[in-house]
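Trainee: I have a model open and would like to talk it through with you. Could we go from the overall fold to the details?

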Amino acid sequence: MKNYIKTFLTFFILQITHFANAQTSYTTVKLDIPIKLSALIEQISLPTFHDNGVNFGYGFNIGTEFKYSVKSKIELMQTADFYFFTHQLYGSSFVVSSLFDFRYKPGNLNIDVNLGPGYMLFSNYSPVYKKENLTYQKASNLQNKFCALVSIALSYKFQNFKPFISYDILVETPFVNSSSPILPHQILQIGCYYRIKIKTNEK
């Protein structure tokens, strides 16, 4: 009888211990988030490199990326970016975009080709007027525009960061102050990708 009680108590204690361990066991989950930060120079012009050095705008870009497919030398991704740049004479632009990214990786060198749509909110420094009943009335200085972007970038991967340089072409529409419905921009970015790694514990 004593052996039976001893065996039962041992089994009972083992079950309680197992249950307690199961309730307090955790699985480590690692979040690996790439963050892109860059300074940029922007120019309103066709991609002809004509009259370089004039009418420059300056700003920054912050973004991230989400991977669809990862292979040894090729990655397919989607980007999410926020641009801000300003001209002293014209105004300031706020742009959000999401581009499809094809990345080729020969070793630690990365070559990216991006293409996709965006949205621009332009704040005009000059007064804006609109025609109403044969007269012109003052309108909001904020203008909503659609845009398309294409870019090529070169980067080199280190352990937790990756410096890069990129050349972008941005086309906005509508542009009502010209005979052309579109306005092209050239953008040169220099910056770095940082990988933020977060370890969390989940049951």
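**From fold to cavity**

Mentor: Happy to! The protein chain has one helix and 11 strands, and keep in mind that this is a predicted model.

Trainee: In which order do the elements of the protein chain run from the N terminus on?

Mentor: The chain's secondary structure comprises one helix and 11 strands. Reading from the N terminus, the order is α-β-β-β-β-β-β-β-β-β-β-β.

Trainee: What share of the contacts in the protein chain with a separation of 6 or more comes from residues 24 or more positions apart?

Mentor: Let's look at the whole chain of 203 residues, of which 31% count as buried. Among contacts with a separation of 6 or more, the share from residues 24 or more positions apart is 56%.

Trainee: Which strands each supply at least two residues of the largest nonpolar core?

Mentor: That core has 11 residues, including Tyr83, Phe85, Met120, Phe122, Cys147 and Leu149. Tyr83 also touches Leu40, Val95 and Leu149, among others. The strands that each give at least two residues to the core are S3, S6 and S9.

Trainee: Is lysine 145 buried or exposed?

Mentor: Lysine 145 sits in strand S9. Beyond its sequence neighbours up to four places away, lysine 145 touches residues including Tyr119, Met120, Phe122 and Glu172. Its relative accessibility is 4%, and the cut-off for burial is under 20%, so lysine 145 counts as buried.

Trainee: Which residue has its backbone oxygen 2.9 Å from a polar atom of the side chain of lysine 145?

Mentor: Look at the loop between S10 and S11. The residue in question follows a cis peptide bond from threonine 173, with omega near 0°. The backbone oxygen 2.9 Å from the polar side-chain atom of lysine 145 belongs to proline 174.

Trainee: How much space lies in the largest cavity?

Mentor: Counting cavities of 30 Å³ or more gives one. The space in the largest cavity is about 120 Å³.

Trainee: And which residues lining the largest cavity are the closest to its centre?

Mentor: Strands S3, S6, S9, S10 and S11 each supply at least two residues of the lining. The lining has 15 residues in total, and they divide into five nonpolar, five polar and five charged. The closest to the centre are Lys36, Asn114, Ser151, Ser166 and Tyr193.

How values were computed:
Residues numbered from 1 in each chain as written. Predicted model: local features only at pLDDT ≥ 70, side-chain atom pairs only at ≥ 80, totals over all residues. Heavy atoms only, no water. 1 Å grid on protein atoms, 1.4 Å probe; cavity = no way out; pocket = protein on both sides within 12 Å on 5 of 7 lines; lining within 4 Å. Points joined across faces, edges and corners; volume = space filled by probe spheres on them. Helix = DSSP H or I, 4+ residues; strand = E, 2+ residues; numbered from the N terminus. Nonpolar A, V, L, I, M, F, W, Y, C, P; charged D, E, K, R; others polar. Buried < 20%, exposed > 50% of the residue type's maximum accessible area, 1.4 Å probe, protein only. Polar contact = N/O pair within 3.5 Å; in protein donor to acceptor, adjacent residues only side chain to side chain. Contact = heavy atoms within 4.5 Å. Core = buried A, V, L, I, M, F, W, Y, C linked by side-chain atoms within 4.5 Å.
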